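Hi everyone, thanks for coming. Please have a look at the model on the screen, and I'll talk you through a couple of places in it.

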There are 4 protein chains.
Amino acid sequence: MVGGGEGSFIGPVHRMAAQLDGRIELVCGAFSSDPERSRRSGVDLYGLSAASSYADYEQMFAQQAAKPVGERMDFVTIVTPNHLHFPVAQAALNAGFHVVCDKPVTHRLQDALHLRALVERTGLHFAVTYNYTGYPMVQEARELVRSGALGAIRRINCEYLQGWLAADLDNKQANWRVDPDQAGVAGCFSDIGSHAENLIAYISGEELDMVAADLNRFVPGRRLDDDGNVLLRFGSGARGVMCASQIAVGEENNLHLRIYGEHGSIEWAQMEPNTLLVRLADGSTQVRRTGSAGVSPAAQSITRLPAGHPEGYLEAFATVYGRFADAIGSGVASGNRAVNYPTIDDGVASLRFISCVVESSERDGAWVSTHEEAAT
Amino acid sequence: MVGGGEGSFIGPVHRMAAQLDGRIELVCGAFSSDPERSRRSGVDLYGLSAASSYADYEQMFAQQAAKPVGERMDFVTIVTPNHLHFPVAQAALNAGFHVVCDKPVTHRLQDALHLRALVERTGLHFAVTYNYTGYPMVQEARELVRSGALGAIRRINCEYLQGWLAADLDNKQANWRVDPDQAGVAGCFSDIGSHAENLIAYISGEELDMVAADLNRFVPGRRLDDDGNVLLRFGSGARGVMCASQIAVGEENNLHLRIYGEHGSIEWAQMEPNTLLVRLADGSTQVRRTGSAGVSPAAQSITRLPAGHPEGYLEAFATVYGRFADAIGSGVASGNRAVNYPTIDDGVASLRFISCVVESSERDGAWVSTHEEAAT
Amino acid sequence: MVGGGEGSFIGPVHRMAAQLDGRIELVCGAFSSDPERSRRSGVDLYGLSAASSYADYEQMFAQQAAKPVGERMDFVTIVTPNHLHFPVAQAALNAGFHVVCDKPVTHRLQDALHLRALVERTGLHFAVTYNYTGYPMVQEARELVRSGALGAIRRINCEYLQGWLAADLDNKQANWRVDPDQAGVAGCFSDIGSHAENLIAYISGEELDMVAADLNRFVPGRRLDDDGNVLLRFGSGARGVMCASQIAVGEENNLHLRIYGEHGSIEWAQMEPNTLLVRLADGSTQVRRTGSAGVSPAAQSITRLPAGHPEGYLEAFATVYGRFADAIGSGVASGNRAVNYPTIDDGVASLRFISCVVESSERDGAWVSTHEEAAT
Amino acid sequence: MVGGGEGSFIGPVHRMAAQLDGRIELVCGAFSSDPERSRRSGVDLYGLSAASSYADYEQMFAQQAAKPVGERMDFVTIVTPNHLHFPVAQAALNAGFHVVCDKPVTHRLQDALHLRALVERTGLHFAVTYNYTGYPMVQEARELVRSGALGAIRRINCEYLQGWLAADLDNKQANWRVDPDQAGVAGCFSDIGSHAENLIAYISGEELDMVAADLNRFVPGRRLDDDGNVLLRFGSGARGVMCASQIAVGEENNLHLRIYGEHGSIEWAQMEPNTLLVRLADGSTQVRRTGSAGVSPAAQSITRLPAGHPEGYLEAFATVYGRFADAIGSGVASGNRAVNYPTIDDGVASLRFISCVVESSERDGAWVSTHEEAAT
């Protein structure tokens, strides 16, 4: 693990998620750019030996790479602030390690494209932790939409609303997210809008065509967006809207998706993740539930408990790790179609989305194309 | 009553709502432009005598106006398709009758402005049935927001989603709503977007400044929008988004409003109208309920039943009639500040909103000012 | 109307419900045993003339009966405290008037049996306002259960929980309900337990066989039960439990029914009355909604508005009146099978249930048979 | 671990829960009474070496006990069918190991009392996995009730409803639960009624006084109860009802608790475990949420993620393990007041409850005292 030292939220989350299924173990880490802090985090927070708690990631990669296969770490998890994802990921790949990287995969679109090329060249696995794809009912939604049961998609509504940055906070979690040097060109849209973009794509398969955005900075002095609304046009003719906010007082972690097709619609909400509503044009409404009979084999395959035993955020996150472990274990290359973790391509798509949203907002809501040739 | 003949949905609704509190009685009507049909509707549908079922509204206004006060009708309710609102309303006012008119108040903004001038000149009462303002928890939301308890408003999300026009219907209810000659410049945004606009204004008091709209026509051959998303900017600096659709399969009548301020937020949904969620920046969430102790006197005053005895759409609609009856009964003029029914000013604001939304969409989502000088 | 004078909750409810569909009009009343109060209630509360506001019900029945048919009232609604239901109902029937009577139909089982005999003898219509039977989704539940779709019924859970009598109140609504001389042998179980009993019977058709009850009086000084739990055994072998309380702080009017059969189950809650959950043994869950396509014709026939336009307590209550008006209008006798309002038989069944529950509780929860021969 | 071999549901759950916080590691096990199956489970299911996968628990205890402290296992987890809990637990304690035992702690009350004596004598820690006590909102409920905020408790409603045994299943999970030789004197009430009993006690602190039960066997040929309802009387004067069923078709794992006091009430449902509803006599309703500001420090201390990141069944289960690890780590004896895992005393109380319920049902619902002197 790189990053995730004392005070980190996401480091322990990755540790718990990775280990949940008993297949992955944290064996070493460079938890902080401060060597003493890294050592302390490794020993006190993660129960590692001091020797396994490296002073920096370069040292860790070098020493681990020098070990024989079987004794060295199998992959690297990157949980630093956004701006460090790129150099660490690049170094890890160059040292021959598979990578799990928190999202957004990089700070800038250009860097994500470089990583993509590097992944292609090395054939190493590279997952971006779009953890919300790991919920069984997200999988069920994907199966349903892609089966054609809803008909042609017409409207997509996706919201990701939080309230925790509604006032000017001064803590580690808040600070880097609102600092352009660490977070990138966007704040709220980089941190959570990217999840919304990925969730839309993962479930619907719709290809985004254009965005028109109105980003806001409500808290005085804030240098990046803390809120915004984006109109969406998809290549198929579907339309949509995405709302993301970190100043929506009272919202906890409200990621909410609705997709409307010609013949039916679905609704899923992250805060009650084990329920998927399916409404059909004949007036009927079905409630599909994690673990219940009748859900798809794909959803069942990532369900750990019987219906009614709530699975949550960590379990979904663990599924991303499990899929990554499957891929590594299977010996296929990262480009293989059987890979079902979120890949560098997903990471690139998010970065492109973020940069288009920022550009549109700077141009007062003009429509901006999200196509590769246009955006790079 | 003018309009509301056989096959009408809204005519019987107005009749039930008007009579609910036992203060208003339907005494006569011109229910259809077809005299025989009007007579039949009056007798069979509304239980009136044939003599009280007029062949046309001009005749009705003339004959009723000729009666002495106390024997003639007290006011006119207009429930025709949109394009007839204006001539009927004009005639009623000119004949000296107060008017209750379904929304949108007219077909075109220009007509609404004429009606406004006529109302001002005559001092007669003119209500537009923005019936959702009549729910106790809408009143509670208004009291709360206007008390300043949420702090400065930052974000407003309002949706009004229906699915009943997802396919090409051929019935009376559907046909006029999708016909520009009867419905006006907009379809979905005229029919239900106008309710959303009014609800935002009624509760928040925020003045709209600019809109950027992306309207859609999903059903082949449809001549007016059946779906759309609008970015909103308010004069205060607040931002928002409105989604309206009549092709959102599976949605029944989902009018849903959230308002986020600096210190708190509210959420209200028309389909569970007796609940108002209030979330505060300290992390607490309160559930306010129609009829329960602790809600504001303003909300209590329009509550008919104890808490837990659900009040619904008709009761809210009846409240608009009750407030109109109060105003007439009180003898004040229509411009009086005590008037608390939705007025011609609300009707004008909606028309202006609709025309700006249509203009913005035609200009590919350009920001369009909603200010009076700009929009007329 | 007899009863329902100033300060009454249920009088205005009956008036609004009866008039909602425009078929029934309040033409006269004896609103209080105090003549002046009766006159004042008639004039001020119900907008009647002083002449139509009688000093007492005997006088009203006599004078109305003396009028020619067509000019006299068509039926009598009884909304007095429980102990007066019997003498007023008896007098009304003897005077030749159909009767709508609030529940419980009488104070004592013996009186209900006398009324039943009188109804049989006169052939007059007699409805008991088990108003919760008027909800469309209650009708839907009944259709579904009786279709056999759930298989043999095994378990029934019904709760009716309120909190408004949790402390010692001193007001008109509370006082008579806790006074054995006015309310009868039971308090909470007479007032609301009777609704629960009726709802179970109406939907399931299961015949109650035995009850074992534990009634409580939590508020010091209270002379009748304000809370209790009852074990239920049905003749078919099904089992169940009923909870009723008026001291359940925080509960508004929580009437909630679940029925479990071999192949499926249903769930309905009065506070969200437009939703019926249907869960089947194959793991699927359906949400049925008032007014939506696919619900039974029986439920549609008592639905006034399109789906998503909430109908509530008054509408359900109005349906009971509408069914009563249908029956009167049809000219059939009260024993006719086509009658679909809640009858005197329902009233008798509730009284028997109440008396068995009280007896069981007095015998420390012994099982008591609810069969006619046993209980009378 | 003892038990938990191939096909076990609860074995992997214990493993995931124990390891979630990174403090506990599965080091060895006797997973089946069949040595080959035990070995296979250890290697294939749990990733242990063959040497750590013992042929039987006696062998494991002997060999582990022979190792020096620090090298041997720290405690034993027992996840066998109920009838084996006692001999395994006894052997573990006698070998000097702390024990975590699934519920119900034994097959028969008498055995539980023996274990209690053994725990007292050895001072070893003994936890019974009443895992639902580990939810943050259960902790919050406990804090609130015990603070006196609800006033004296009057009514408790607890349900635990499942539907998975509605038909005659033939699988490992189902078979032992319906076999008196493996499950004990009760079926449904042993398997899930015991959780309900424990949850009531854990949150309310109310001491049960008497029960009157009506247990059922709906599936033909079933030898133990698969459903039942129990009236509850508490020493304080509070009353209640418990419903438990495994034939409630459509129910997943619906453990639901409501407690009503003089001044307020709470409601918690296991299937949406991160919400606690608090309703007060002043008419206000609060929604308390896992992880949100304002919840008690006790609830915060067992919360792993920020509000809105759902925590579920495994996390709650992990909390029981975490508390057990705390106790072992602290060096205190099992009788210490600081111990906050569910203890052998909880296990004994459940067994006593189960045996009283069975006795009452056999005596046709007679009230049976749950006091120690009475029940043993």
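I'll start with one helix and then turn to how the chains are related.

First, some housekeeping: this is a predicted model, where local features need pLDDT of at least 70, side-chain atom pairs count only at pLDDT 80 or more, and totals for chains, interfaces and linings use all residues. Residues are numbered from 1 along each chain as its sequence is written, while chains are lettered from A and ligands numbered from 1 in the order in which they are written.

So, is helix α6 of chain A mostly covered or mostly open? Mostly covered: of its eleven residues, 136–146, nine are buried. Helices here are DSSP runs of H or I with at least four residues, strands are runs of E with at least two, and both are numbered from the N terminus. Buried means that 20 or more other C-beta atoms, placed from the backbone, lie within 10 Å of the residue's own. Among the buried ones are A:Pro136, A:Met137 and A:Leu144. The cover over α6(A) includes α9 (188–204) and β9 (254–261) of chain A. Just after the helix, A:Gly148 has a positive phi of about 90°.

Now the copies. A rotation of 180° with 0.0 Å of shift along its axis puts chain A on chain B, with an RMSD of 0.0 Å. That is how a two-fold axis relates them. These fits are by least squares on the C-alpha atoms of residues with pLDDT of at least 70 in both copies.

Chain A also goes onto chain C by a turn of 180° and a shift of 0.0 Å, RMSD 0.0 Å. In chain A, A:Gln286 has the C-alpha nearest that axis, at 2.3 Å.

Methods: Buried ≥ 20, exposed ≤ 12 C-beta atoms within 10 Å, placed from the backbone. Contact = placed C-beta atoms within 7 Å.
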